[in-house]
Amino acid sequence: MSRYKIQLIPEPTHFTLKIQNEENIWSNNFENNYIEQMTSRTGNYKSYQTFIKMLTNVINTSKNNKPIKSLSYKIMTLSDLSEFRGVENKNNKRNINSEQDEAKRYFLLTYQTPYEKVHYPLPLI
């Protein structure tokens, strides 16, 4: 597995998440309303500021700071994410966009308590 450099650039109304390995850079900008709508759809709403704190904590943990046990992340391709969700490609043919889709990455932030586990996927281009 490649090592990733992760950079979070928070602003009052949006943030940029940038991930880099030896060969590629993926990034995206996320508006505060997108984050709050996405977290609401998961059934575990987080305000924009809380979500930024969660991201900051999980990213800083990867930089050898004290880990927060309830937060983790994975960097995944679309096929990784589909497999993770249990979605199968019924016709094992690659469609026209699959190479483009496989070039994308998803930052999957996971929040786990003793009673629930919630995944927040962030698409990166």
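Biologist: In what order do the three strands of the open sheet stand?
Modeller: The model is predicted. In this open sheet the pairing is antiparallel. β1 (5-10) and β3 (25-31) are the edge strands with a single partner strand each, so one side of each has no neighbour in the sheet. The order is β1-β2-β3.

Biologist: By how many degrees are neighbouring strands of this sheet turned against each other on average?
Modeller: The value is an average over neighbouring strands, with direction ignored. It comes to 10°.

Biologist: Which residue of β2 is the bridge partner of Leu 8?
Modeller: β1 and β2 (residues 14-20) run antiparallel, and six bridges join them. For Leu 8, the partner in β2 is Leu 17.

Biologist: Which strands does helix α1 touch, and what angle does its direction make with that of β3?
Modeller: Helix α1 spans residues 32-41 and packs on the sheet. The strands touched are β2 and β3, and the angle with β3 is about 90°.

Biologist: Which residue has its backbone oxygen 2.9 Å from a polar atom of the side chain of Asn 28?
Modeller: Asn 28 belongs to strand β3. Beyond its neighbours within four places in sequence, Asn 28 is in contact with Phe 15, Thr 16, Leu 17, Pro 123, Leu 124 and Ile 125. The backbone oxygen at 2.9 Å is that of Pro 123.

Biologist: Why is the pair of Phe 51 and Tyr 120 edge-to-face?
Modeller: A search of the whole structure gives seven aromatic pairs. In this one the ring centres lie 5.5 Å apart, inside the 6.5 Å limit for a pair. The planes stand at 90°, and over 60 degrees counts as edge-to-face, so the pair is edge-to-face.

Biologist: How many residues apart are Phe 51 and Tyr 120?
Modeller: Phe 51 sits in helix α2 (residues 48-61), while Tyr 120 sits in strand β6 (residues 117-124). The pair thus links distant parts of the chain, and the separation is 69 residues.

Biologist: Is Phe 51 buried or exposed?
Modeller: The cut-off for buried is under 20% relative accessible area. Tyr 120 is at 0% and counts as buried. Phe 51 is also at 0% relative accessibility, so its class is buried.

Biologist: Which residues form one aromatic cluster with Phe 51 and Tyr 120?
Modeller: The cluster includes Phe 51 and Tyr 120. The other members are Phe 15, Phe 30, Tyr 34 and Tyr 48.

Biologist: What percentage of the residues of the protein chain count as buried?
Modeller: The secondary structure of the chain comes to four helices and six strands. The chain exposes about 8500 Å², of which carbon and sulfur atoms supply 46%. Of its 125 residues, the buried share is 33%.

Key: Residues numbered from 1 in each chain as written. Predicted model: local features only at pLDDT ≥ 70, side-chain atom pairs only at ≥ 80, totals over all residues. Heavy atoms only, no water. Pairing = 2+ DSSP bridges. Helix = DSSP H or I, 4+ residues; strand = E, 2+ residues; numbered from the N terminus. Axes fitted to C-alpha atoms, helices over the stretch in contact; angles between N-to-C directions. Contact = heavy atoms within 4.5 Å. Polar contact = N/O pair within 3.5 Å; in protein donor to acceptor, adjacent residues only side chain to side chain. Buried < 20%, exposed > 50% of the residue type's maximum accessible area, 1.4 Å probe, protein only. Areas by Shrake-Rupley, 256 points an atom, 1.4 Å probe, with all protein chains shown as cover. Phe/Tyr/Trp six-rings, centres within 6.5 Å; stacked < 30°, edge-to-face > 60°.
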